[in-house]
Protein chains: 2
Amino acid sequence: MATLSKRTATASPDTPEAVAPDSRQMILETAARLFRRDGYAATTLRAIAADCDMKAGSIYYHFASKDVIVAEVLDIGVRRVFDAVKQAVDALPPGTGLADTLRCAIETHLRALLLAHDFTSANIRILGQVPLPVREAHRALRRRYERYWVTLLEGLRQRGEIRAGSDLNRTVFFLFGAMNWATEWYDERKSPLAVVASELADLVAHGLHSHDNTTGQPKPTGLT
Amino acid sequence: MATLSKRTATASPDTPEAVAPDSRQMILETAARLFRRDGYAATTLRAIAADCDMKAGSIYYHFASKDVIVAEVLDIGVRRVFDAVKQAVDALPPGTGLADTLRCAIETHLRALLLAHDFTSANIRILGQVPLPVREAHRALRRRYERYWVTLLEGLRQRGEIRAGSDLNRTVFFLFGAMNWATEWYDERKSPLAVVASELADLVAHGLHSHDNTTGQPKPTGLT
DNA sequence: GTCTATATGCCGATAGAC
DNA sequence: GTCTATCGGCATATAGAC
């Protein structure tokens, strides 16, 4: 990750990560954190600069405008969660079933969204607040991530894991909504993220309905 | 639209609805429409006033501040969808099952959210943008609406319609996310709202998984 | 690369005439 | 109840010194 440009010459290679974030990168990270906390319009360039120990005018050496900053923050947010989910799903054993695949992808998405990166949650938070041109420029990347999920589900359907009769495009929209809305209510202290992910995966895989057969029962401990 | 004020004295009682929106009401409706379209911070009192054929200063005769306006818009948004869903669910025949109950409630919520009222979609759109005190003042009403859905599901569980092992509080959060996110992608021209509602209800009731038994099959037309 | 200083403009809100 | 006029403040963005 990160650009880490410049340092070409001396290139002191100590502490290879979290090292000497150049100003450009620090501005982006600060912007993501403040956008996430305060929203787009309420975050001023003065505030971003202050948190970088700079003055507002200096930002314009690195970025042409506030819109350019927010555009890059949006893109990074999607790219990071996209990469994380792709990597996690690729690492699953071949033939992994619907419920486990969903659980893995959902937990990874939620982890990036709720715990890991300011960029990802800032993205969800401010997506509806940015100027329309910025939003439209960002749409292609976002659409690519959505299509990745659709393709994932299509693969599971071809293996007979998903019933016919549901529009998988819409299913992904529903799923994204359920996941992204968690920014509004999830409380890390109340329940582990793995539990939340697992429950959403169960809901999407099996539904709420009590089954008549014993196949889908989550508790095979014969009680009743 | 336009002024229409003055009718104080004569009070002609014709056209009992859509009649003579007093300025206060017109300001609220205009604000809801602009908040929905442009977001909270980007909507200025000058723009609201202009769409009401007024000047910005005149708004302060009816409202003490912008925050007071947005607070009322938020509350109206939840109250309308709440009333609509409660009324629709109450009208269901006693003993209506899980899938049909969900379909009814979901479709009514989505209809209010996506088609009927600027207030409802403005609520979802700007909820994350308003100043914290406004948001906290609004939280109680919103929480009441969420608890209504939880109670609805608890009733269905007691009747044996819902499997054990899922936290219904979280289920409602998931469901709200799936529904409210539709403001970001739903296109009236592409698919009827009833289809979207039906598909979400099916997803939540039965899940994606292909069943081994024939009970839950949506297509009993024996083909394969 | 960062600074100071400032141009330019719009915002929410208020005062007082009508 | 609506107007005009304006206050005080803060925003983005720019110009030029260091």
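**Two protein chains and DNA strand C**

In this predicted model, a polar backbone atom of Lys66(B) lies 3.1 Å from a phosphate oxygen of DNA strand C. A phosphate oxygen of the strand is also 2.7 Å from an N or O atom in the side chain of Ser58(A). The bases take part as well: an N or O atom in the side chain of Arg46(B) is 3.0 Å from a base nitrogen of DNA strand C.

Around DNA strand C there are 16 residues, of which Lys55(A), Ser58(A), Tyr61(A), Thr44(B) and Tyr60(B) come nearest. Of the atoms of the strand that come within 4 Å of the protein, 64% belong to sugar and phosphate. The protein surface near the strand comprises 4 nonpolar, 7 polar and 5 charged residues. Helix 3 (59–62) of chain A and helix 2 (45–51) of chain B each supply at least two residues of that surface.

The relation between the two protein chains comes next. A turn of 180° with a shift of 0.0 Å along the axis lays chain B on chain A with an RMSD of 0.1 Å; that is the relation of a two-fold axis. In chain B, Gly207(B) has the C-alpha nearest the axis, 2.0 Å from it. The copies meet through the same surface, because 98% of the interface residues of chain B are also interface residues in chain A.

Both chains also contribute to the second largest pocket, which holds about 1200 Å³ of space. Among its 30 lining residues, Arg135(A), Thr183(B), Glu184(B), Trp185(B) and Tyr186(B) are the closest to its centre. Helix 7 of chain A gives the most to the lining, with 8 residues. By class, the lining has 16 charged, 9 nonpolar and 5 polar residues.

Definitions and conventions:
Residues numbered from 1 in each chain as written. Chains lettered and ligands numbered in written order. Predicted model: local features only at pLDDT ≥ 70, side-chain atom pairs only at ≥ 80, totals over all residues. Heavy atoms only, no water. Least-squares fit on C-alpha atoms with pLDDT ≥ 70 in both. Contact = heavy atoms within 4.5 Å. 1 Å grid on protein atoms, 1.4 Å probe; cavity = no way out; pocket = protein on both sides within 12 Å on 5 of 7 lines; lining within 4 Å. Points joined across faces, edges and corners; volume = space filled by probe spheres on them. Helix = DSSP H or I, 4+ residues; strand = E, 2+ residues; numbered from the N terminus. Nonpolar A, V, L, I, M, F, W, Y, C, P; charged D, E, K, R; others polar. Near = heavy atom within 4 Å. Polar contact = N/O pair within 3.5 Å; in protein donor to acceptor, adjacent residues only side chain to side chain.
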